[in-house]
Amino acid sequence: MACLKEDPILGSNDIKEDSEETEPKDKVREEGGVREMVLPAGNSIHRSGSRPQLDLSGAAIQGNNFEERHPTILLPNQSDDISHLALDIGGSLIKLVYFSRHEDRSIDDKRKRSIKERLGVTNGNRRSYPILGGRLHFVKFETSKINECLDFINSKQLHRGGMDSRLWLSEAPPSDDVIIKATGGGAHKFADLFKERLGVSIDKEDEMDCLVAGANFLLKAIRHEAFTHMEGHKEFVQIDHNDLFPYLLVNIGSGVSMIKVDGDGKFQRVSGTNVGGGTYWGLGRLLTKCKSFDDLLELSQRGDNRTIDMLVGDIYGGMDYSKIGLSASTIASSFGKTISENKELEDYRPEDISLSLLRMISYNIGQISYLNALRFGLKRIFFGGFFIRGHAYTMDTISFAVQFWSNGDAQAMFLRHEGFLGALGAFMSNEKHGLDDLMVHQLVERFPMGAPYIGGRIHGPPLGDLNEKISWMEKFVQKGTEITAPVPMAPSGTTGLGGFEVPSSKGDTLRSDASALNIGVLHLVPTLEVFPLLADPKCTKNCILVYEPNTIDLADPSELEYWFTVLSEHLPDLVDKAVASEGGTDDAKRRGDAFARAFSAHLARLMEEPAAYGKLGLANLLELREECLREFHFVDAYRSIKQRENEASLAVLPDLLMEIDSMNEETRLLTLIEGVLAANIFDWGSRACVDLYHKGTIIEIYRMSRKKMQRPWRVDDFDIFEERMLGSEDKKPRPHKRALLFVDNSGADVILGMLPLARELLRRGTEVVLVANSLPALNDVTAMELPDIVAEAAKVRGLLVDAMVNIQDGSKDSLSSVPLMVVENGCGSPCIDLRQVSSELAAAAKEADLIILEGMGRALHTNFNARFKCDALKLAMVKNQRLAEKLIKGNIYDCVCRYEPAP
């Protein structure tokens, strides 16, 4: 999700924009809103004991308001004693987890500070550690290529404080006591090499401690971390962290460890086997001459084990042995068929050998794991370790074994970050990171172009420099080629320093293992919270487990194909808008072309493997598109269109309000709801609506839409809503205390639709909170734009201007004197996942007793089935024929007015 980003240094909650980092200087300078401070040479503050050293060289105060009480301070050269990476060095693979700071700059926003003061939003008891607000990256190397791993660490300067190499001062003296956390046997074996090459010491962490800590964190903090895999079908499992323990953790590395986990720090290794990933690789290398583990796995995908394994059917003349539940295809003896055949090793296909070997080892691991689970009464078994690699056949085989031996009572589950448990646990062992403070709603996984993933032969970070990224894409990603994943590559003949291995491919067409699950970059955003008004009648323990934001189930292949087609067809128009928003320059055109290629690559990857990035819903696709735009520095593709539509709508607002004010109470309320529905036609995300815009002006289309507002609507609960608002002649209901209005599009939608409705609520004595996007998405209005729009609208016919009470002046008046506020929702997508909202929205919601969700994205694509603890009104015009048919059994331009009283 695109969302508010936490400042990595001092915990500022402001939104960030992409910008260049402040370069260190040796004098005071004010430029671009950044004030730099004069500091003497050797300006590190040395603290006693284990406290960090604070490097103030190049320190700068952000923002233009130098009287600000708590300004944000950037420390571009800070390199303290907090480790920024950790490793799990196994016999076969090195897994590395490293941290990077955000490179973005806070926006000096008085509105945000004022709202937070009024709502009492603070940093709470969060610890100001650098990990909060940064990013975690996951990388792997083969242990035999440890020098490439060391080159990579050195090129990123991860051992020197985790700073970007562009900001690292080469003349800075190296520290004599730099320590890197590491686990696994290689932490002992290669300690001297790390000291020799990097000048660092290895702090060795217990392997089992790290495995369990990493698994517990992932299962608690990552929403779609665990999944089942049967017969090629992945299904993500939402784990209630209150009901997580006990479970069996099976870590399949070179060997296999089986650990009974009873809680945080409470575990026991109960069993294991020496037949594991190293066995498969070792025997496979001897029998097939494969040079790498991934080559061996790829070989197995083309194999047929029936030529080597003796099956039950081979013994019983092609028949099942149904009496004991064995099918004819069940393996009776691995490699058993080779006994009776007069053949030599070279007579067998390497592909068949690889598959037979894979099944033999996987079946045995599955069976032994279940027997240990049975021994301790455990029905939940999690499998991790790099043996699995997201490989479909491996997971199917293990799952089959567990299901078979348990008669379906036990279930094998797998982890997306399967190979990184130890490395993540080692990273967490440094308590100064504060990683334990984070919860599931504070973690956002994103998939930038070139992010490393499991399954292919890639090792390395996301491509950080935009020009480098675009150049790579122009060289390797051919237009019109359906690639399954963007794969960074190293120039031929290099050692791979900071680069990547060339994957198995033909020509310049890049691909990955089709069964692999991608691992993105994990953003840590402590300012996100769960929307406190979520409720569900089926929920008895943890409502957040029941809530599902997505209305459309993309597990249906036809549904998935349809929406992929919609997004693909909309792409050229979106690129045109994005390029135009940046002035149509050559640079903008180049970035626009790169964005189109990148998003097309994402769509191709997800079409091939819908679960590649986790559980997939329509909201995730729309969010991915917006993130991809921002990745290529398109901040607001519809900026000029929004400005034009805002001006046109504000021009006709006075006449509209005059008309509304002339009506009686009943007529006025109906007209206001009709106005919201009619104005919602303005949506640049809908192809049908875009076609309409070419046939008339914004006002002409709005008036046409108003004229067609005839009841009953397709979903029509207006009468129930009217009764709650107006009551009867002899019984007038109390007004709502506070209403949250989730607004949608700029222009007529917000100005002619939602603002008049907000005005009516204010008239009735209800506090109004306008909730808008934190970041741009299509033509949606943002929380930064909305105060100016409201200020212009407030000049018309009073009331609004009285309600605003200096909405932008930063005053500290109590909420009772501020009946109108604007807050941001914490995201930058046309949809909203209420499990992750801004802290200011969560604070505003605590006293709200009415929610109004408006627009297709927030009320239909997501949250149509959501239930709340207070009254809820969902308003939208359906601007997609397929959605209308599937959701409300109606037609395009049908309207939804769904009112749900508080339970």
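This briefing walks through two sheets, the cores, some charged pairs and a few buried elements of the structure. Keep in mind that the model is predicted. One sheet of seven strands runs in the order β13-β12-β8-β9-β11-β24-β23, and another sheet of seven strands runs β27-β35-β34-β32-β28-β29-β30. Beyond the sheets, a search of the whole structure turns up 49 salt bridges, while the disulfide count is zero.

**The sheet from β13 to β23**

- A quick bit of background: strands in a sheet pair through backbone hydrogen bonds, and they can do that either parallel or antiparallel.
- The sheet from β13 to β23 is open, and its pairing is mixed.
- At its edges sit β13 (201-204) and β23 (443-446), and each of them pairs on one side only.
- Go from one strand of this sheet to its neighbour and you'll find them turned by 25° against each other on average, direction ignored.
- Look at β11 (residues 135-142) and β24 (residues 521-524): they're antiparallel and pair over two bridges. Within that pairing, L136 sits opposite L522 of β24.
- Helix α2 (residues 146-156) lies across β8 (85-89), β9 (93-100) and β11, and it runs at about 5° to β9.

**The sheet from β27 to β30**

- This sheet is open too, with mixed pairing. Its edge strands are β27 (715-716) and β30, each pairing on one side only.
- β29 (residues 767-772) runs parallel to β30, and five bridges pair them up. If you want to find one of the bridge partners, match V769 with M821 in β30.
- β28 (residues 738-742) and β32 (residues 850-854) are parallel as well, joined by four bridges. Here L740 has I851 of β32 as its bridge partner.
- Helix α22 lies across β28, β29, β30 and β32, at about 170° to β32.

**Covered elements**

- How many of the five residues of β30 are buried? Five of the five are, so strand β30 (residues 820-824) is largely enclosed by the rest of the structure.
- In a regular strand, side chains alternate between the two faces of the sheet. For β30, L820, V822 and E824 are buried on one side, and M821 and V823 are buried on the other.
- Helix α7 (residues 293-300) is mostly covered, with six of its eight residues buried. Those are F293, D294, L296, L297, L299 and S300.
- The cover over the buried residues of α7 includes β11, α6 (277-288), α9 (350-376) and α10 (392-406).

**Nonpolar cores**

- In soluble globular proteins, nonpolar side chains tend to be buried together.
- The largest nonpolar core has 55 residues, and I673, L741, L752, L770, L786 and I852 touch the most other members.
- Which helix gives this core its largest share? That's α22 (residues 748-763), which supplies 10 residues.
- Zoom in on L786: leaving aside neighbours within four places in sequence, this leucine contacts V743, V750, L770, A772, V781 and V822.
- Apart from that core lies another one of 51 residues, including F599, Y638, I641 and L883.

**Charged pairs**

- Side chains of opposite charge can pair when their charged atoms come close.
- R416 and E445 form a salt bridge at 2.7 Å, N to O. R416 is in the loop between β22 (411-415) and α11 (421-428) and E445 is in strand β23, so this pair ties together parts 29 residues apart in sequence. R416 counts as buried, at 2% relative accessibility.
- R591 and D587 also make a salt bridge, with their closest N and O atoms 2.9 Å apart. Both belong to helix α15 (residues 586-608), four residues apart, or about one turn of the helix.
- Is each partner buried or partly exposed? R591 is buried at 7% relative accessibility, whereas D587 is partly exposed at 44%.
- D636 and K642 form a salt bridge with their closest N and O atoms 3.0 Å apart, and both residues are buried.
- There's a network as well: salt bridges with shared partners link D661, E665, R668, K732, R759, E760, R763 and R764.

**Cysteines**

- A disulfide is a covalent bond between the sulfur atoms of two cysteines. The count here is zero.
- C210 is buried, with a relative accessible area of 2%, and C628 is buried at 2% relative accessibility.

Key. Residues are numbered from 1 along each chain as its sequence is written. This is a predicted model: local features need pLDDT of at least 70, side-chain atom pairs count only at pLDDT 80 or more; totals for chains, interfaces and linings use all residues. Side-chain values use heavy atoms; hydrogens and water are left out. Two strands pair if DSSP finds at least two bridges between them. Axes are lines fitted to C-alpha atoms, for helices over the stretch in contact, and angles run from 0 to 180 degrees between N-to-C directions. Contact means heavy atoms within 4.5 Å. A nonpolar core is a set of buried Ala, Val, Leu, Ile, Met, Phe, Trp, Tyr and Cys residues joined through side-chain atoms within 4.5 Å. Buried means under 20% relative accessible area, exposed over 50%, partly exposed in between (1.4 Å probe, protein chains only). A disulfide is a pair of cysteine sulfur atoms within 2.5 Å. A salt bridge is a side-chain nitrogen of Lys or Arg within 4 Å of a carboxyl oxygen of Asp or Glu.
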